[in-house]
Amino acid sequence: MTGRTIQHCMEAPRKATTVMNSSHALIVGGGIGGLATAIGLRRAGWRVTLLERAPAFQPLGSGITLAPNAVRALDALGLGAPLRARGWPRARRGCACPPDDG
């Protein structure tokens, strides 16, 4: 497997919901699904190693439309506010983010 290991240090989970265990997750792919999974597992007390082929995260120059359930999932991960700061609401409370101009 070719790829670089990116270990992302995220804020510690709240003490009331912290579950400490010795579980370790290996996540392949630093896209929206891989990053969301890494954040959720870290907040649940897991050690996480994220593998990504690209040497750095950078804009790809394309937009994305997120369905309402996806926006709610990002809200649960604490990412809703940054999403809304960059995007605009769509019908039925989804969100669209424009392409990054670089």
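**Reading the assignments in a predicted model**

From the N terminus on, the elements of the protein chain run β-β-α-β-β-α-α-β-β. The model is a predicted one, and the chain holds 3 helices and 6 strands.

User: Why is G45 called buried?

Analyst: The relative accessible area of G45 is 11%. Buried means under 20%, so G45 with its 11% is classed as buried. G45 sits in the loop between α1 and β3. Its C-alpha atom is separated by 8.4 Å from that of S22, a residue 23 positions away along the chain.

User: How many of the residues in the protein chain are buried?

Analyst: Of the 102 residues, 24% are buried.

User: What makes β2 and β3 a pair of strands?

Analyst: Two strands pair if at least two bridges are found between them. Strand β2 (residues 24-28) is joined to strand β3 (residues 47-52) by 5 bridges, and therefore the two count as paired. They run parallel. One of the bridge partnerships links H24 with R47 in β3. Between these strands the chain passes through α1, and this β-α-β crossover is right-handed.

User: How do you know that the side chains of β2 alternate?

Analyst: A25 and I27 point to one face and are buried, whereas H24, L26 and V28 point to the other face and are not buried. In a regular strand the side chains alternate between the two faces of the sheet. The arrangement in β2 follows that alternation.

User: What makes up the lining of the largest pocket, by class?

Analyst: The lining has 17 nonpolar, 6 polar and 3 charged residues. Among the 26 lining residues, the closest to the centre of the pocket are I32, L35, Q58, P59 and I64. Because Ile, Leu and Pro count as nonpolar, I32, L35, P59 and I64 belong to the nonpolar class, while Q58 is polar. The space in this pocket is about 1100 Å³.

User: Which elements each supply at least two residues of that lining?

Analyst: They are α1 (32-43), β4 (64-66) and α3 (80-86). The most comes from α1, which gives 4 residues.

User: Which share of the contacts with a separation of 6 or more joins residues 24 or more positions apart?

Analyst: In the protein chain, that share is 55%. A contact requires heavy atoms within 4.5 Å.

How values were computed
Residues numbered from 1 in each chain as written. Predicted model: local features only at pLDDT ≥ 70, side-chain atom pairs only at ≥ 80, totals over all residues. Heavy atoms only, no water. 1 Å grid on protein atoms, 1.4 Å probe; cavity = no way out; pocket = protein on both sides within 12 Å on 5 of 7 lines; lining within 4 Å. Points joined across faces, edges and corners; volume = space filled by probe spheres on them. Buried < 20%, exposed > 50% of the residue type's maximum accessible area, 1.4 Å probe, protein only. Right-handed = clockwise from strand over helix to strand, strands pointing away.
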